[in-house]
Amino acid sequence: MSVDKKVYLTFDMEWANDNVLKYFYNLLKEAGVPATIFVTHETKWLEIFRGDSQIELGIHPNFNKLLLGESEGNNYKKIFDDLMRIVPEAVSYRSHSLTTSSGLIAYAAQKGLRFDLNNYVQILIYKFFRKRYNMIRPSYIRFDWRRAVLYIDESKYTKRAGDSECCYGSFLE
């Protein structure tokens, strides 16, 4: 799979009600763009999303209550398992608050998830820079819609000394 010079649109469902999901879906259809939707809950819209070849579903687990000590009997495995029951075809996940740990990554891989989308880096990065547990873990690119930059031009990046398996860079105006 080539990921060079591509933009991936991803959206977190965030417990949106069905009216909001309908509005959102109509916007996606109008734009005609593929997207990944990270699911938080069961809704009739999941079947509509599943029927659309332009949409891929991932899961959006919320571990925040665990971190705050308000788990009410939940643990990270139950949170993953509950969402995987809703979206058994999921291959990707992004946690609320981008919560991650080696244990979460290992369990996600065990559940068959291949893409961990919990990195957020506010500098532009040219290539996917890390593979863990046979999982691709891309860095986010902060996208400024006002500038309408649709892909990253490698010639505008510089590689840092000592970077061997990755290609970090800073945008040069």
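Colleague: How many of the 5 residues of strand β3 are buried?
Modeller: In this predicted model, strand β3 covers residues 55-59. The strand is mostly covered, and the number of buried residues is 4 of 5.

Colleague: In which sense, parallel or antiparallel, do β2 and β3 pair?
Modeller: Strand β2 is formed by residues 35-39. Val39 stands opposite Ile59 in β3, and Ile37 stands opposite Leu57 in that strand. Over 5 bridges, the sense of the pairing is parallel.

Colleague: Which helix does the chain pass through from β2 to β3, and is the crossover right-handed or left-handed?
Modeller: Strands β2 and β3 are paired over 5 bridges. The chain links them through helix α2, residues 45-50. The β-α-β crossover through α2 is right-handed.

Colleague: Why is β2 described as largely enclosed by the rest of the structure?
Modeller: Ala35, Ile37 and Val39 point one way from β2, while Thr36 and Phe38 point the other way. Residues on both sides of β2 are buried. The strand is therefore largely enclosed, because the count of its buried residues is 5 of 5.

Colleague: Through which helix does the chain cross from β1 to β2?
Modeller: Strands β1 and β2 pair in the parallel sense over 3 bridges. Within this pairing, Thr10 has Thr36 of β2 as its bridge partner. The chain makes a right-handed β-α-β crossover between the two strands, and the helix it passes through is α1.

Colleague: What is the relative accessible area of Leu57, and is this residue buried or exposed?
Modeller: Leu57 has its place in strand β3. Residues that touch Leu57 include Ile37, Val39, Leu46, Phe49 and Val87. Since buried means under 20% relative accessible area, Leu57 counts as buried, with a value of 4%.

Colleague: What distance separates the C-alpha atoms of Leu57 and Thr36?
Modeller: Leu57 belongs to β3, whereas Thr36 is one of the residues of β2. The two residues are 21 residues apart along the chain. Their C-alpha atoms are separated by 5.6 Å.

Colleague: Which residues touch the most other members of the largest nonpolar core, and which helix gives the most to this core?
Modeller: The core has 29 residues, and those that touch the most other members are Ile37, Phe49, Leu57, Ile59, Phe80 and Leu113. Elements that each supply at least two residues are α1, β2, α2, β3, α4 and α5. With 5 residues, the helix that gives the most is α4.

Colleague: Which residues of α4 are buried?
Modeller: Helix α4 spans residues 76-86. The cover over its buried residues includes β2, α2, β3, α3, β4 and α5. The buried residues of α4 are Ile79, Phe80, Asp81, Leu83, Met84 and Ile86.

Colleague: Which residue has a side-chain oxygen that reaches the backbone nitrogen of Lys77?
Modeller: This contact is found at the start of α4. The side-chain oxygen comes to within 2.9 Å of the nitrogen, and it belongs to Asn75.

Colleague: Which side chain makes a polar contact of 3.3 Å with that of Asp116?
Modeller: Asp116 lies in strand β5 and is buried, with a relative accessible area of 0%. A polar atom of its side chain lies 2.9 Å from the backbone nitrogen of Asn118. The side chain that joins Asp116 in the contact of 3.3 Å is that of Tyr93.

Colleague: What is the phi of Glu14?
Modeller: Glu14 lies in the loop between β1 and α1. The residue is partly exposed, with a relative accessible area of 37%. Although Glu14 is not a glycine, its phi is positive, at about 50 degrees.

Colleague: Is Ser97 buried or exposed?
Modeller: Ser97 is found in the loop between β4 and α5. Its phi is near 60 degrees, a positive value in a residue other than glycine. Exposed means over 50% relative accessible area, and with 58% Ser97 is exposed.

Colleague: How many helices and strands does the protein chain have?
Modeller: From the N terminus on, the elements run β-α-β-α-β-α-α-β-α-β-β-β. Of the 173 residues in the chain, 39% are buried. The secondary structure comes to 5 helices and 7 strands.

Terms used: Residues numbered from 1 in each chain as written. Predicted model: local features only at pLDDT ≥ 70, side-chain atom pairs only at ≥ 80, totals over all residues. Heavy atoms only, no water. Buried < 20%, exposed > 50% of the residue type's maximum accessible area, 1.4 Å probe, protein only. Pairing = 2+ DSSP bridges. Right-handed = clockwise from strand over helix to strand, strands pointing away. Polar contact = N/O pair within 3.5 Å; in protein donor to acceptor, adjacent residues only side chain to side chain. Contact = heavy atoms within 4.5 Å. Core = buried A, V, L, I, M, F, W, Y, C linked by side-chain atoms within 4.5 Å. Lists of a residue's contacts leave out its neighbours within four places in sequence.
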